[in-house]
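Reader: I have a structure open and have not looked at it before. Can you take me through it?

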Amino acid sequence: MSVLVNKDSKIIVQGFTGSEGTFHAGQMIEYGTNVVGGVTPGKGGQEHLGKPVFNTVQEAVDKVGADTTIIFVPPAFAADAIMEATDAGIKVIITITEGIPVADMIKANAYVKASNARLIGPNCPGVITPGEAKVGIMPGFVFKKGNVGIVSKSGTLTYEAADQVVREGLGITTAIGIGGDPIIGTTTKEAVELLMNDPETDCIVMIGEIGGQLEADAAKWVKADGNRKPVVGFIAGETAPAGRTMGHAGAIVGGSDDTAQAKKAIMKDCGIHVVDSPAEIGIKVAEVLGVNA
């Protein structure tokens, strides 16, 4: 059992022959991910990185049975790429592209939600199920297989948390980078819910940041769901000034509930094990799982 991607996922790369797509697809293939081809309009029939190139996502679905896509398409065209993948029947759409116009994302997100596809991102590091599939830009060597799931708005903190968990002698079931844009496909709550229902995941690390209600919504769901598994939480941006966007487009304190302090208070109230520094994540995970480091 795994969440979102596994060794049987048939993955294509949209924007396959561009510089970003080429580099990261190469890394994914080297990791052992089942990349079955890629899409670059006008280059169909060619071969790239030893894989077939198709003109459309539909062609990739028809010819190689693709069910998962990773998108490295420039921002102006990325929303169309998401909707094309949805139309073709792709089940998991992972969008790495940063800077997609908000109006475009509102349209694309609604389009995906009306289908049975799942969108991860945009502006995210992707998803990794260690030892099976790396569908994203994360450094694969950091992740080892285990029983801890990770949900994170931050790419670098995803890797940091994974590294700490591994240093404690544990490992990761699946790490999901949900992205830091204002409009994203899969929320913190939805990603936590996937891991909560995964029989191989015994503990969840939830990494959030200032701005929005995603972490509060997730925390309230965890409590309402009966705190079935321990959740370790961290909120980045404690020292950020109000009203200023910090790093991610969605990381902005708009009201009193958007601050790190307010989010941490809600999380603690919901039974989540909140740490004040990312350096404490691994130790806290080991502690709640009763592992002697």
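Author: What follows goes through the sheets, the helices on them, the pockets and one glycine.

Author: This is a predicted model, where local features need pLDDT of at least 70, side-chain atom pairs count only at pLDDT 80 or more, and totals for chains, interfaces and linings use all residues. Residues are numbered from 1 along each chain as its sequence is written, and side-chain values use heavy atoms, with hydrogens and water left out.

Reader: ok. In what order do the strands S3, S4, S2, S1, S5, S6 and S7 sit, and is the sheet open? Start with what a strand is.

Author: Helices (H or I, at least four residues) and strands (E, at least two) are DSSP runs, numbered from the N terminus. Seven strands make an open sheet with mixed pairing, in the order S3-S4-S2-S1-S5-S6-S7. Two strands pair if DSSP finds at least two bridges between them.

Reader: which strands stand at the edges there?

Author: Strand S3 (47-48) and strand S7 (118-120) do; each has a single partner strand, so one side of each is left without a neighbour in the sheet.

Reader: how many bridges join S1 to S2?

Author: Four bridges join strand S1 (residues 11-14) to S2, and the two run parallel. Isoleucine 12 has glycine 37 of S2 as its bridge partner, and glutamine 14 stands opposite valine 39 in S2.

Reader: is S2 mostly covered or uncovered?

Author: Mostly covered: five of the five residues of strand S2 (residues 35-39) are buried. Buried means under 20% relative accessible area, exposed over 50%, and partly exposed in between (1.4 Å probe, protein chains only).

Reader: which strands does H3 lie across?

Author: H3 lies across S1, strand S5 (68-71), strand S6 (92-95) and S7, and runs at about 170° to S6. Axes are lines fitted to C-alpha atoms, for helices over the stretch in contact, and angles run from 0 to 180 degrees between N-to-C directions.

Reader: now the other sheet. What is the order of its seven strands, S9 to S14?

Author: The order is S9-S8-S11-S10-S12-S13-S14, in an open sheet with mixed pairing. Strand S9 (133-136) and S14 stand at its edges with a single partner strand each, so one side of each is left without a neighbour in the sheet.

Reader: in which sense do S8 and S11 pair?

Author: Antiparallel: strand S8 (residues 126-129) and strand S11 (residues 172-177) pair over three bridges. Isoleucine 128 stands opposite alanine 175 in S11. Helix H6 (residues 188-196) packs on the sheet and touches strand S10 (145-152), S11, strand S12 (203-209) and strand S13 (231-236).

Reader: and what about S12, how many of its residues are buried?

Author: Seven of the seven, so S12 is largely enclosed by the rest of the structure. Cys203, Val205, Ile207 and Glu209 point one way from S12, while Ile204, Met206 and Gly208 point the other way. S10 is joined to S12 by five bridges, running parallel, and S12 pairs with S13 in the parallel sense over six bridges. Valine 205 stands opposite valine 232 in S13.

Reader: at what angle do H6 and H7 pack?

Author: At about 35°, with their axes 8 Å apart. The contact (heavy atoms within 4.5 Å) includes Val192 and Met196 of H6 and Leu214 and Trp221 of H7.

Reader: changing topic. What is the volume of the largest pocket?

Author: About 240 Å³. Of the 14 residues that line the largest pocket, the closest to its centre are Ile96, Thr97, Glu98, Asn123 and Ile137. On a 1 Å grid over the protein atoms alone, a pocket is an open set of points where a 1.4 Å probe fits, with protein on both sides within 12 Å along at least five of seven lines; lining residues have an atom within 4 Å of a point. Grid points are joined across faces, edges and corners, and a volume is the space filled by probe spheres set on the points.

Reader: which helix gives the most to the lining of the second largest pocket?

Author: Helix H3 (residues 75-87), with four residues. The second largest pocket has a volume of about 160 Å³, and its lining includes Gln14, Val39 and Phe77.

Reader: last one. Where does glycine 271 lie?

Author: In the loop between helix H8 (260-269) and strand S14 (273-274). Glycine 271 takes a positive phi of about 85° just after H8. It counts as partly exposed because its relative accessibility is 41%.
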